[in-house]
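Reader: Got a model to go through. Can you walk me through the helix packing, the cysteines and the core?

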Amino acid sequence: MDENIREAISDLKCYLEYLKGMGISSLPVSENVSERVVKSEIQTLTDVQKTLGDCKRCKLHRTRRTIVFGEGNEKATLMFVGEGPGYDEDVQGRPFVGKAGQLLTKIIESINLSREEVYIANIVKCRPPQNRNPETDEIQSCNPFLMDQIRVIRPRIICALGSFAAQTLLKTSTKISELRGKIFDIEGIKVIPTYHPAFLLRNPERKRDVWEDMKKIAEYLRNADRRGQSG
Ligand code: URA
């Protein structure tokens, strides 16, 4: 069989499995109906993880070792979203544990928080082969699960790390250099994009920008706390 046809059949199978996982057993179906049903059933991160299961909804499942679901505090006020797992994350099943992860830990600690207090996730939960950029179909397959994680946690603010995270969450193609440090809103949750720690490892002169963005995040959290206490 032609390799393209084999791949198309495999992708179609993944899509049908995805629909099955969403509880849809017949076609055609309105996307809105399926989303509504799923949303009402999802209340905890464990629910999201159960629905995700041993995910084979996109082609990344063929090369991944581990699904990197995300980790941290289910009630976090601050959530970080990166791009996707690299080699170390794929091996350990945890987000941001390699070199870029060590820098992210320092960035978190720079505003007197710990990794355990925040929540860390990625745009895609499986490592793209050779650390290539995630592709549109992969981002689209994974996005409903990230959005459910966000809806369960409902952090006060999301820090989007790098252009993939920022552009995906904000549905824009604007460059990260223009987005960074600005405050956006998705579903009533603030989003501040900043540079990805891996980018900072290559461009240490941009660390100052990230420090400015982190100060903005810390200030927003302080003010939100005050509003929360008085309200
Ligand atoms: N880079 C990311 O974007 N995410 C990780 O989890 C690790 C490195």
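**Helix packing, cysteines, core**

Author: The axes of helix α6 (residues 136-153) and helix α7 (residues 162-170) come within 12 Å and cross at roughly 80 degrees. Axes are lines fitted to C-alpha atoms, for helices over the stretch in contact, with angles from 0 to 180 degrees between N-to-C directions. Helices are DSSP runs (H or I, at least four residues), numbered from the N terminus. This is a predicted model: local features need pLDDT of at least 70, side-chain atom pairs count only at pLDDT 80 or more, and totals for chains, interfaces and linings use all residues. Residues are numbered from 1 along each chain as its sequence is written, and side-chain values use heavy atoms, without hydrogens and water.

Reader: Which residues in α6 meet α7?

Author: Ile139, Asn143, Leu146 and Ile150 in α6 meet Phe164, Thr168 and Leu169 in α7. Contact means heavy atoms within 4.5 Å.

Reader: Switching to cysteines. How many disulfides?

Author: Zero. A disulfide is a pair of cysteine sulfur atoms within 2.5 Å. For Cys58, the nearest cysteine sulfur is that of Cys126, 6.2 Å away.

Reader: And Cys58, buried or exposed?

Author: Buried, at a relative accessible area of 13%. Buried means under 20%, exposed over 50%, partly exposed in between (1.4 Å probe, protein chains only).

Reader: What about Cys142?

Author: Cys142 is in no disulfide either; the sulfur of Cys126 is nearest, 6.3 Å away. Cys142 is buried, with a relative accessible area of 13%.

Reader: OK, the core. What does Ile217 touch?

Author: Leu78, Ile111, Ile157, Cys159 and Ile192, leaving out residues up to four places away in sequence.

Key: Helix = DSSP H or I, 4+ residues; strand = E, 2+ residues; numbered from the N terminus.
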